[in-house]
Amino acid sequence: MKTLFIDKEIKYIGSQLAPHWIYKNFNIQGDAIVAFVGECDVKLSEMVDIEDVINNEPIYSKCMLSFITEQFNIELVEGVFRQRLLINCIKETLEDRGFKIKRDGDDLFINEKKLSVSIATKSLTSVLIHTGVNILSEGAPIEVSALESDLGIKDIKNFAIDVMKRYSDEISDIILASTKVRGV
């Protein structure tokens, strides 16, 4: 799986969760994960999480680290498994830095305050995942925790690169593990 940290600031508005967005914008074809920093402002009209739409819960963060991954030749259930794996990779990367993080499904928490948002969906050609991790907690519509505000993490780029490497390595290792067993 290819990885890329995008050095320019990008405002995540939900429309980036689209097939071939990574390929069209960054010329990375195939399974990939990218990360970038920017404001997150997802209006209800752009949301793919029907539960959030029903509950009238748009997403906003003044500054968020966003991960977008597109993976081909898998079904949505496997995509949700991979979404949970990405969440766990973020959790483990934070724990390696000495932080205590709670995971509940596809959400991460610090001191009972939500640190992340995440969704997996299926397009006609691929599974798409967006996971956002708050960098700053100010301005959020609910009380949240954040990488910089609560944990003091300032080197967001290296944190993101560590997460993407861990995730890519896990996916590669899972695929490799599936090739070493005989059928019964």
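This report describes T131 and the strand that holds it in a predicted model.

## Position and burial of T131

T131 lies in strand 8, which spans residues 126-134. Its relative accessibility is 0%, so T131 counts as buried; the cut-off for that class is under 20%.

The rest of the strand is covered as well: nine of the nine residues in strand 8 are buried. This holds for both faces. T131 shares one side with V127, I129 and V133, while S126, L128, H130, G132 and N134 make up the other.

## Surroundings of T131

One polar contact of the T131 side chain is with the side chain of S118, at 2.7 Å. S118 also appears among the residues that T131 touches once neighbours within four places in sequence are set aside. The others in that set are L65, S66, F67, L86, I87, I90 and V117.

## Strand pairing

Strand 8 pairs with strand 7, residues 116-122, in an antiparallel arrangement with seven bridges. Three residues separate strand 7 from strand 8, and the two form a hairpin. Within this pairing, I119 has H130 of strand 8 as its bridge partner.

Strand 3, residues 59-72, also runs antiparallel to strand 8, and nine bridges join the two. Here Q71 is found opposite V127 of strand 8.

Methods: Residues numbered from 1 in each chain as written. Predicted model: local features only at pLDDT ≥ 70, side-chain atom pairs only at ≥ 80, totals over all residues. Heavy atoms only, no water. Helix = DSSP H or I, 4+ residues; strand = E, 2+ residues; numbered from the N terminus. Buried < 20%, exposed > 50% of the residue type's maximum accessible area, 1.4 Å probe, protein only. Polar contact = N/O pair within 3.5 Å; in protein donor to acceptor, adjacent residues only side chain to side chain. Contact = heavy atoms within 4.5 Å. Pairing = 2+ DSSP bridges.
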